Amino acid sequence: MRHSRPHDPRAPRVSASRPPPPFSTPPRSHVMLWCLIVLFLAVKEGGAAGRVTQGPTFTIEPPRHLHFTNSSGAVVDCMAEGVPAPALFWTTGDGRRVEQVEGLREVAANGSLVFPPFPAHRYDAHVHASTYTCRASSPAGTLLATPTLVRAVVVGHYEVQVYDQVVMTGNTAVLRCAVPSYVQEYVTVTSWVHDRSFQHLSLAAWRYVTVVVVVVVVIVVVIRKW
Ligand SMILES: *[C@@H]1O[C@H](CO)[C@@H](O)[C@H](O)[C@H]1NC(C)=O
Ligand SMILES: *[C@@H]1O[C@H](CO)[C@@H](O)[C@H](O)[C@H]1NC(C)=O
């Protein structure tokens, strides 16, 4: 008998008469419980190890070129996914991170680059004629998008000219539509007017038009659609 110490009258009698069960044989229900806990931990651990990280990939990549007017403004979208979710930010051509320029350039909460409409006097080449690159970065890696060449133009009034040509009868006269140089990049001659009727041009002949008879010509130009 293990309980051989002298009987203490203060101790409850029951403890003396019923020895505790030895540890080597725990009840079945305890074994089951431990098995379940171990299994649970194993599954949890396996799940964590199986959760692979994934480098960023673009779901919306910005365009290579972006032209907009001071009156329209523009938004350049850039979106990326990955595990963990990548953070988006923009850099300029010199590699510096894009900062907000009040009223001219903002980075939206969703990562898009925003150029609000601006008055002509606030044109800033550093903002409006620049190259921007979207970066998606997470602990799993960093991805650069193709750089976007941004060009903003200030919409203003301009006039085109046709200068008179004098030619001998039977010779060829060349009339040229003179577009001011500061808008030349954005203007396409689409038609000439001859005796009040439109003469549509093929794109290949957009600068020079040969006419046999010198007439009074009115030029109609439209801003090329970007
Ligand atoms: C991102 O936010 C800007 C400004 O709020 C919005 O104009 C643009 O459409 C948004 N882009 C996407 C892809 O949700
Ligand atoms: C853009 O510039 C033109 C020409 O200066 C001006 O008339 C117009 O108001 C400007 N747009 C905005 C939104 O300020």
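**Close-up 1. The surroundings of ligand 2 in this predicted model.** Here you can find Asn70, Ser71, Pro117, Pro119, Ala120, Val154, Val155 and Gly156 around ligand 2. Sorted by class, this shell holds five nonpolar and three polar residues, with no charged ones.

**Close-up 2. The surroundings of ligand 1.** Ligand 1 has Ile60, Val75, Asp77, Met79, Ala108, Asn110, Ser112 and Val114 around it. The class count for this shell is five nonpolar, two polar and one charged.

**Close-up 3. The largest nonpolar core.** This core is made up of 14 residues, and Cys78, Leu88, Tyr132 and Cys134 have the most contacts inside it. Four strands each give two or more residues to the core: β5 (87–92), β7 (113–115), β8 (129–138) and β10 (148–153). As background, nonpolar side chains tend to be buried together in soluble globular proteins.

**Close-up 4. Tyr132 and the residues it touches.** Tyr132 is one of the core residues with the most contacts inside the core. Leaving aside residues up to four places away in sequence, Tyr132 touches Val76, Trp90, Thr92, Val98, Leu113, Pro147, Thr148 and Val150.

**Close-up 5. Stepping back to the chain as a whole, with its helices and strands.** To place the views above, note that the chain has 16 strands and four helices. It runs to 226 residues, of which 13% count as buried. Among contacts in the chain with a separation of 6 or more, 59% come from residues 24 or more positions apart.

How values were computed: Residues numbered from 1 in each chain as written. Chains lettered and ligands numbered in written order. Predicted model: local features only at pLDDT ≥ 70, side-chain atom pairs only at ≥ 80, totals over all residues. Near = placed C-beta within 6 Å. Nonpolar A, V, L, I, M, F, W, Y, C, P; charged D, E, K, R; others polar. Core = buried A, V, L, I, M, F, W, Y, C linked by C-beta atoms within 7 Å. Buried ≥ 20, exposed ≤ 12 C-beta atoms within 10 Å, placed from the backbone. Contact = placed C-beta atoms within 7 Å.
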